[in-house]
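Let's take a walk through this structure together, one feature at a time. Keep the sequence at hand as you turn the structure around.

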Amino acid sequence: MPWPALALVLAAALLHALWNVAAKKSGGGPHFAFLSALMVSVLWAPIALVLAVDELPRWGLAQWLAVTASAFVHVLYFSALLRGYERADLTVVYPVARGSGPLLTAAGAVLLLGERPGPVAVLGVLAVCGGVFLIAGGPALFARGHDPRVRAGVKWGVITGTMIAGYSVIDGYAVKVLLVGPILLDWFGNLLRVPMLAPQAWRARASLRSAWAEQWRYALVVATLGPLAYIMVLYALKWAPLSAVAPAREVSMLFAALLGGRLLGEGHRGARVAGAVCIAGGVGALALG
């Protein structure tokens, strides 16, 4: 992986961990995804509209289909993530999601985009997976299988990871093959999510005002840091294969392991940091491979 791409991925990882902590602290709920998408649509509109003047005339049906499909899968992803955060610890949901997602993404990149990672890169992917297993609890996770919060965390983590793989492959194709600009891809995706999420928000409109009062600060963090982190990843995809970028993003586990324990009071930080170090080694292998 070229070093500029790796630098973007590492910076994005820190931002990604931070906005996930904000999403966890928000308490989730049916309105949070809607408020976040709405705020992204407003905050990033000036930059996106300037870029759209030059880029949109070159878009055809394929580009619009890719953007719409990406928006739909992102809605499913964010809904599953928030549901997991409502029912389990971030330090179970987040690592399971971020671990299963890259495996499925790498497989999709090989099958659909024709990428062929080398042996060192494959070892890097395996190291990342091992680190994810440690952060999620390691062997002790199985011993805690009777805990409803652990079971819920694994379940929603896997569902979220599947959605991560879906939008990663779609967005990788959009950026690398269809030449869609990263900023417009993310902004139009959020703009399309607003009408997709509006019916659910309308059905629970009685609580929308209170949700805004309680969650707008967290939604602002997500709306600011979330797009910035993902745009960095999309630019990295212009220089590096998806099968390397997707696992490399999991260095965010290093930050999430620390933040989840320190800011959210979720325990067993030592094992989770050890797993994050394993992930960091895997990311190094991906950079060399």
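What follows covers the salt bridges, the largest pocket, a surface patch and a loop residue.

Please keep in mind that this is a predicted model. A good place to begin is with charged pairs. How many salt bridges does a search of the whole structure find? The search turns up three, and we can visit them in turn.

Start at Asp-54, which pairs with Arg-58. The closest N and O atoms of this salt bridge are 3.4 Å apart. Buried or exposed, where do Asp-54 and Arg-58 stand? Both of these residues are exposed.

Next, move along to helix α4, which spans residues 61-87. Here Arg-83 forms a salt bridge with Glu-86, and their closest N and O atoms are 4.0 Å apart. The two partners sit three residues apart in the helix, about one turn. Arg-83 has a relative accessibility of 34%, so this residue counts as partly exposed. Glu-86 is also partly exposed, because its relative accessible area is 38%, which lies between the 20% and 50% cut-offs.

The remaining stop on this part of the tour is the salt bridge between Arg-149 and Asp-89, whose closest N and O atoms are 3.2 Å apart. This pair links distant parts of the chain, with the two positions 60 residues apart in numbering. Arg-149 belongs to helix α8 (residues 148-176), while Asp-89 is found in the loop between α4 and α5 (90-112). Arg-149 counts as partly exposed because its relative accessible area is 37%. Asp-89 has a relative accessibility of 24%, so Asp-89 is partly exposed as well.

Now let's look for empty space. Rolling a probe the size of a water molecule over the atoms shows where such space is left. The largest pocket has a volume of about 160 Å³. Which residues line the largest pocket? The lining is made of Gly-29, Pro-30, Ala-33, Ser-79, Ala-80, Leu-82, Arg-83, Glu-86 and Gln-200. You will recognise two names here: Arg-83 and Glu-86 are in the lining, and they are also salt-bridge partners. Helix α4 gives the most to this lining, with five residues. Sorted by class, the lining holds four nonpolar, three polar and two charged residues.

From the pocket, turn to the surface. Trp-3, Val-120 and Leu-288 form a nonpolar patch there, and together they have about 370 Å² of accessible area. Trp-3 is part of helix α1, which covers residues 3-26. Why does Trp-3 count as exposed? Its relative accessible area is 57%, and exposed means over 50%.

Our tour ends in the loops. Leu-179 lies in the loop between α8 and α9 (182-203). Its phi is near 60°, a positive value in a residue other than glycine. Leu-179 is exposed, because its relative accessible area is 60%.

Across from this position you can look for Lys-238, in the loop between α10 (208-237) and α11 (242-248). Lys-238 has a relative accessibility of 39%, so this residue is partly exposed. Lys-238 and Leu-179 are 59 residues apart in sequence, and their C-alpha atoms are 9.0 Å apart in space.

Conventions:
Residues numbered from 1 in each chain as written. Predicted model: local features only at pLDDT ≥ 70, side-chain atom pairs only at ≥ 80, totals over all residues. Heavy atoms only, no water. Patch = residues over 30% accessible without salt bridge, like charges linked within 9 Å, V, L, I, M, F, W, Y side chains within 5 Å. Areas by Shrake-Rupley, 256 points an atom, 1.4 Å probe, with all protein chains shown as cover. Salt bridge = Lys/Arg side-chain N within 4 Å of Asp/Glu carboxyl O. Helix = DSSP H or I, 4+ residues; strand = E, 2+ residues; numbered from the N terminus. Buried < 20%, exposed > 50% of the residue type's maximum accessible area, 1.4 Å probe, protein only. 1 Å grid on protein atoms, 1.4 Å probe; cavity = no way out; pocket = protein on both sides within 12 Å on 5 of 7 lines; lining within 4 Å. Points joined across faces, edges and corners; volume = space filled by probe spheres on them. Nonpolar A, V, L, I, M, F, W, Y, C, P; charged D, E, K, R; others polar.
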